[in-house]
Structures are given as C-alpha cells and as structure tokens.
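Q: Could you zoom in on one part of this predicted model for me? I'd like a close look at the aromatic rings and how they sit with each other.

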Amino acid sequence: MKTKLPWNVKPSKIAAEHGESHSIHCRDNLHYQSRTPRSESSSIGDPTTFGNLQPCPEITSAVIDSVTSLEYNGYAPSTGYRKSREAVAEYSYRPEAPLDPEDVILTSGCSHALEMCILGLANPGQNILIPRPGFSIYKTIAKSMDIETKSYDLLPNLGWKVDLKHLESQIDSQTAAIIINNPSNPCGSVFSKRHLSAIVEVANRNCVPIIADEIYEDFVFRGEVFHPIATLSTHVPILSCGGLTKKFLVPGWRMGWILIHDRQEIFGKELKSFYIFFFADDTAILAQGGTTKFVIRTLQRGLIEIEKWCTLWRVAINTDKTRSVMFRKEHPRNNLQSLTFFEEEPSWDKEVKYLGLILDSKLTFHSHIKYNTDKFWAKVHVIIPLIGRKSPLSLNNKVLLFKQILRPILTYASQIWGLAAKTHLKKVQIMQNKILRIMTNAPWYIRNDVIHKDLKLESTENHIQVLSRKFFQQITRNTNPTILEQLNFTNNNGKYPFPYATTKWTLPLKPP
C-alpha cells in the first residue's frame, strides 16, 4: 500500500518574490516621527475606503438594468461589447486625439490595462522605463513577465517633473516602452502641456512608444489643468490607460480600458489583431500581422494569457489537443518557431479543425469538403432504404429527407468555404447530382439540371449563396453584441450595405 506523502505546496517564484510587494511597498517606506498614535490606510487609491464617497444613482441603476435585461450573461467579445467601446470612445474623444470604437479595448480595471500594454509591447529580456517615485505595480507586472524595469527620476524641487536628461539616458536598444503616470501617483503632480510635449519629443527622437497611466485624469487641484498626452503627439504611438475606478467611485467593479492612439499606424493593425474566441469548451486565438515572427510572438502572448487564467482558476488543459496553423499564401522558407503552452510545444500543422470546420494553411478548404463528402456518404448508407430506388416513400418525402438530413451535411459552414475554388465546389455539386439520380431513379439520358428543376431544388452554388445571404443579413438584425462584432471583419464597398447583401453575385461571398 502506498504511503500518503505530506502536503508540500509552495508559492511560485513569482509569488514569493513579488506577491506582497504591491500591497506593502508604500507601508514599508512610511516613517512616522510623531509619537502620537495614527491610523494608516493601505487602500492604494480606493476612494470608497471611508464610506463618505458613494457612486451616483445613475451608475448603480444602469448596472441593475443591465443585469435584469438578461442580455449580457454570456461571454463578451475579448475586447469588450461594441456598445461599451463606443461609449468610452465618445467619453475620451478629443479633437486633437480622435478615437473610434476599434481603438478601445476594455479591460478588468486599469491595472489589467497596464498589464496588457506591457505584455503587448515588451518581450522577456527587454525593458520598460518607469517613474521614480512611482506606483509599484509597474515593476510587479514587468517582473512577473521577465521584463526588466529601469527607473527615471522625478524632480521634487521642480514639482515632480520628469528629469528629461535622465529619462533619455535610460533608453537603450532593448527599451520597449516608457510609462508616463500623469497625474502622478504618489506625487500628485500634474504635468503642463509644455512638459508633456518635451516628454513626447524624447520618445519621438528615440522611437519608443508611450504607455500613459491616466487613471487620475480628473483628480487635479484648482489652478491645474490635465492634458491627455495623446493630444500632444501625432507621431509617437501612445497607449492610454484609464477606467471608472477613481472618478466614478467604483474601483471594485474592475472596469478599465486601453485607448490606442496610433495616427501614423506604427502599430498598424498588429496590436489590435489579437482575438480570443470562445465557444463552449473550444477556444481559439487569432493573430494577424505582416510577418510570421510577429504573428508567432502575438500567439505566444495569447497562450500566456490563457495559461495564467487556467492556472489561477485551476482549470486543466489537454495540451495534446492544442494545434496551431499559419495561414499564408507562400510557403515558409524556414521552419516556424515553436510555441510554448504549459511547458509543451504545440505542433505547427497544415490544417486544424475548429467547430467542425477544417481550416488548411492555404484556406483552399479541400480537406473540409472531402471530410463533408465522407460524412455525407456515411449518412446516405444509413438512410438509403428510405431514399433509394426501391423505397416505398413518395418522391416528396424523399426530397424532404434530402433537405433536412443530407443537404445540411453537404453544406455545413458553407458561408465560409463557399469561396473555395470552382473545382472543389464542383465536387459538391456532383455528390448532390448522384444522390438525386438515385432518389428519382432517373435514366442516364435525363439531364441533371432537369432533375433539379423538376424537384424545385437549387444547385449547390445557388443554395450556398442563399445561405450566405441569409446568414449575414440576419447578423445586422441580431441583438447579441458578440455576433454584431463579426461585422467588423467585413468590408463595405459603398454600393450596398454589405458586399454579400447584393443579388449580383458571382461568388457566395466576397473576400474582405
């Protein structure tokens, strides 16, 4: 009999080294000179600690209405509901720094926004510049990702302005971003427009993006004016972090956001092209970019996010079922760099299956159509006594069985693979021709188009067009924000509401 070993659960290295630094860093540096006993609050920027500041009724009633509507109980899009992103974009809009809903990413509080920004810009071994003195979470987040931090000084005799010379001297080839905290925590200073412009100029000279922690944007003393740093730059890409925490007195609701200011498209679409999709227990990560190196790096960030979440909630993952595929036109010159997921390396495959759809690296859908073909004939063998030549059923009932059982198998996910090459679509039509000839016991000299006409059935291509048109038109009328978000992946040609909503089709779908 096996002897039970004693429990030996130890904190991870990250938890041991950095877990408490965030909460006790400030307390360890407090030195009271007075002998009079004092109370100390370690609330770290929580305006609700003493109970004298309460959120306004409009906020709480809005949340109650949202909960009772039962419309938001499902998984939200990874970047947040579009309606919410539109509201944040409108709230944060400045003529000098315009925003679209696509420039907004909703996060679980401002701390999570900072974490995503650091994760999105810096790789392990690189460094970010943080203010000294400054909020301890910058260092805590960076260290947990093996990202180094280098401090630049704030000048107490000049109202805690940034020491610009020291800031620039800290920048090197491995510097991934500069964190600017304005208004400052813990100093309380508010930078002037002139000083912010000087900071932007340092970043511009050295081609280093800025992460702006502006959670205290509305907490300024009389006579001071807060200027969003993004309003002073047209060339430096800036990720601004904010949230509802301070101004709206709801830090426990964990509502934050990232505003992407990138008017020169230095980030391009790469920073925004990181999506995590959930359907039941099937999860997919989609990354887009101009180079395979960037795509792999972005995918790795997504895997790290999922790994952290699963570890936190103790969710087991079967890494043997994890697959990856690179969609690209040309053939890769070199072997693709391996990804890491729970200390395993998911293989790079030529095709993967997600939600019953087989996606090959060239998106030809050849494998998926073959899979549908095999599944189709397997089902035919099961119901052939009902639809075969010797079946006692009427022809109308046979056609009904074909429409309800066989054709859905044949055209499953055709809204996606309907763009396949004509040769592949022809194979689907041939299968339909064969089964219809079996059902009608048609002699060899009867044309296939005559059979279709007599049975009042469309060709497979026309049927796929009908399915696609209906599917995408229904999206526009859907109230589910997650489904509405899919319209962002389409391209409006200006003539019709959507390129697939026209009857003048040559293909079931037009590529975005």
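A: Let's start with Phe135 and Tyr138: both of these residues are buried. Keep them in mind, as we'll come back to their rings in a moment. This is a predicted model, by the way.

What makes two rings a pair here? Their centres have to lie within 6.5 Å of each other. Going by that rule, there are 8 aromatic pairs. One of them is Tyr72 with Tyr81: the ring centres are 5.1 Å apart and the planes meet at 70°, so this pair is edge-to-face. That label follows because planes over 60 degrees apart count as edge-to-face.

Now check how covered these two tyrosines are. Tyr72 has a relative accessible area of 32%, so it is partly exposed. Tyr81 comes in at 13% relative accessibility, and that counts as buried. The cut-off behind this is simple: buried means under 20%.

Back to where we began. Phe135 and Tyr138 also make an aromatic pair, with 6.3 Å from centre to centre and 85° between the planes, and this pair is edge-to-face too. Here both partners are buried, whereas in the other pair Tyr72 is partly exposed.

If you want one more spot to find on the structure, try Tyr91, Phe248 and Trp257, which together form one aromatic cluster. And when you describe any pair yourself, here's the recipe: give the distance of the ring centres and the angle of the planes.

Key: Residues numbered from 1 in each chain as written. Predicted model: local features only at pLDDT ≥ 70, side-chain atom pairs only at ≥ 80, totals over all residues. Heavy atoms only, no water. Phe/Tyr/Trp six-rings, centres within 6.5 Å; stacked < 30°, edge-to-face > 60°. Buried < 20%, exposed > 50% of the residue type's maximum accessible area, 1.4 Å probe, protein only.
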